[in-house]
Structure formats: C-alpha cells, structure tokens
Amino acid sequence: MSYVRPRIKLRHAVLALFCTVAAFAQTPTPPDAPPQTSVTQNTALNPALPTLFIVGDSTARNQADLGWGDHFAHYFDTTKINIANRARAGRSSRSYYNEGLWANVLAEMKSGDFVLIQMGHNDGGGDPATHAKARSSVKGIGDETAQYPLPNPFTTGPLAGQATETVHTYGWYLRKYINDTRAKKATPILLTVTIRNIWVHDADGNLRIERDMGYRDYEYQIAASENVPVIDMATVEADRLEALGPEKTALLFPIDHTHTSAEGAERNAESVVIALRNANSPLVSYLKP
C-alpha cells in the first residue's frame with residue numbers, strides 16, 4: 001500500500017496545476033477570431049417567409065462551419081422560415097453597430113421576422129475610449145458614455161464623417177437593436193453568450209466551467225425593462241460540457257478557450273435549440289419535429 005500516497009500527491013499536484021492554468025486563462029481581453037478566409041456566403045432569402053436573423057460574433061460565424069450559426073438551419077423547417085446568419089467575427093455590440101452591419105440587417109428585415117441577438121465576447125477587455133480595436137463598450141446598461149477620437153474616421157455607417165465617437169454602454173446598444181427591430185415590426189430575442197473552455201473551483205471545491213463573462217445580469221436587466229425574452233443557451237451548454245468533463249471539452253476547443261471546432265459549433269447550435277424549447281419560444285413552431 002506504500003505506493004498509493006505518492007500517486008495521490010501527484011494527482012493533487014496535477015489538479016492544482018490545471019486549475020492554476022485555467023484561472024490564468026481568464027484574461028479580460030478576448031482572443032481574436034482565426035483569419036476569416038472561407039466564410040460561408042449569404043444565401044438568398046425567400047421573401048414570402050419570415051426570417052430568423054442571427055446577430056453576433058465569431059462564436060456564431062467563424063470561417064466555414066466553425067460558428068454555431070452555420071449549424072442552425074438544419075434544425076428548422078426551411079420551407080417555413082429563413083435562417084440568416086449575419087454574425088461577424090470580432091464584433092461587439094458597439095462595433096457591429098458602428099460598422100454598419102446592423103444597418104445591413106435592418107435593410108433586410110421585414111414585419112414578422114425574428115432577431116437573435118448574442119453579444120458580449122468582445123465588449124470587454126479595455127477602456128472603451130482607448131482600446132486599440134475600438135470595440136469595447138462602456139460597462140453597464142445606463143446612459144453613461146465615453147468619448148473616443150477616431151484616428152481613421154468611418155466612411156460608411158452611422159459614424160461616417162465624424163472625428164469623435166460617443167461610446168455607449170452595452171445596455172444602450174442592446175436597447176438600440178431591440179427598438180430598431182420592433183420599429184420593423186419584428187421580434188427581438190436576447191441570447192446568452194456561448195461558453196468558454198475555462199474551469200474554476202466553486203465554493204464547495206467542485207470543478208465548474210465558467211458560466212458568466214460579466215454580461216449575463218445586464219442581459220436579464222435589459223430583458224426585464226424592455227419586455228424581451230432571454231434564451232439561456234449558456235446554462236444549457238455549460239451543463240452539457242460539465243457532464244462531458246474538462247478533458248473531452250478541451251477537444252472541442254482546438255484553437256483557444258473561445259473558438260470551437262465544427263463539432264463544438266454543432267453542439268452550441270443544439271444548445272440554442274434546447275434553450276428555445278425550454279423557454280417555449282415562438283420559434284419552436286418552426287423547428288423540425
């Protein structure tokens with residue numbers, strides 16, 4: 001029996017090292033998306049059908065098939081609804097709006113459509129008035145702002161020709177998307193963020209995967225004030241990944257702690273569908289049996 005104790009000590013040491021590395025990985029600056037060299041092109045929408053637009057970042061659209069939005073359509077009866085993935089890698093609630101991407105979605109949107117809004121991965125990571133990538137929003141949901149001088153003014157979009165940008169809060173941008181969607185007589189839906197491969201110990205010493213990047217409460221507060229549903233895919237996927245365990249979960253994240261393989265993207269898409277069912281969303285009526 002003398003050989004048992006060294007093995008136990010070694011096991012504890014390995015576990016401690018793993019947890020230290022996991023905690024260190026929780027950097028506030030999100031990793032950049034892999035180079036976008038083969039992003040699936042948008043397909044034509046059937047104007048006779050309602051459309052479900054996906055608005056988000058690289059976790060929803062990242063090269064071909066590496067974002068969950070590219071795995072979403074096969075869950076739906078596409079003779080009844082269009083699935084339009086309009087997410088863009090590297091974007092935040094702020095930069096998606098500033099670059100005119102939101103305006104492009106609005107130009108396609110019509111009465112009876114739906115918009116799944118999933119932001120947060122790129123909204124943190126630095127002072128919104130100085131951050132080099134100009135994508136951080138002001139933390140919060142109020143009317144606080146920060147002024148950011150534009151070294152290279154936009155030539156298109158809502159900031160075209162301006163020398164200074166007024167940066168708003170995360171909540172301000174979400175409300176903008178919600179109000180613009182409703183003005184089109186379409187339905188806005190908030191979606192919690194995809195789960196990152198970051199593990200920490202809870203108060204009881206159990207190893208748990210990260211479930212909140214700091215924006216979850218904001219989403220629920222905005223949802224309550226604006227009477228918008230929240231589809232909690234984060235909890236669904238976190239539960240599924242914890243059941244899978246750290247080692248198998250790591251295989252789904254071959255690039256970094258944020259971006260998945262195609263298999264991971266498929267799992268995320270399935271988690272969104274499960275969350276839609278859990279919430280009794282009107283979108284459930286468009287799912288395949």
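## A tour of rings and strands

Start by selecting Tyr 148 and Glu 165: in S5, Glu 165 is the bridge partner of Tyr 148. Keep in mind that you are looking at a predicted model.

Now widen the selection to residues 146-149, which make up strand S4, and add S5 beside them. The two strands run antiparallel, and four bridges join them. Next, show the side chains of S5, residues 164-167. Which of them are buried? Glu 165 and Val 167, which point to one face. Thr 164 and Thr 166 point to the other face and are not buried.

Go back to Tyr 148 and bring up Arg 94. Arg 94 lies over the face of the tyrosine ring, 5.3 Å from the ring centre.

For another charge over a ring, pick Lys 139 and Tyr 215. The charged end of Lys 139 sits over the ring of Tyr 215, at 5.0 Å from its centre.

Time to look at rings meeting rings. The whole structure holds eleven aromatic pairs. One of them is Trp 172 with Tyr 173, an edge-to-face pair with 5.1 Å centre to centre and 85° between the planes. Are these two residues buried or partly exposed? Trp 172 is partly exposed, because its relative accessible area is 22%, while Tyr 173 is buried, with just 1%.

Tyr 215 comes back here: Tyr 215 and Tyr 218 form an edge-to-face pair, 6.1 Å centre to centre with 70° between the planes. Both Tyr 215 and Tyr 218 are buried.

For a last stop, select Trp 68, Phe 72 and Phe 76, which ring pairs link into a cluster.

Definitions and conventions:
Residues are numbered from 1 along each chain as its sequence is written. This is a predicted model: local features need pLDDT of at least 70, side-chain atom pairs count only at pLDDT 80 or more; totals for chains, interfaces and linings use all residues. Side-chain values use heavy atoms; hydrogens and water are left out. Rings of Phe, Tyr and Trp (its six-membered ring) pair if their centres lie within 6.5 Å; planes under 30 degrees apart count as stacked, over 60 as edge-to-face and the rest as tilted. Buried means under 20% relative accessible area, exposed over 50%, partly exposed in between (1.4 Å probe, protein chains only). A charge sits over a ring if NZ of Lys or CZ of Arg is within 6 Å of the ring centre and within 35 degrees of the ring normal. Two strands pair if DSSP finds at least two bridges between them.
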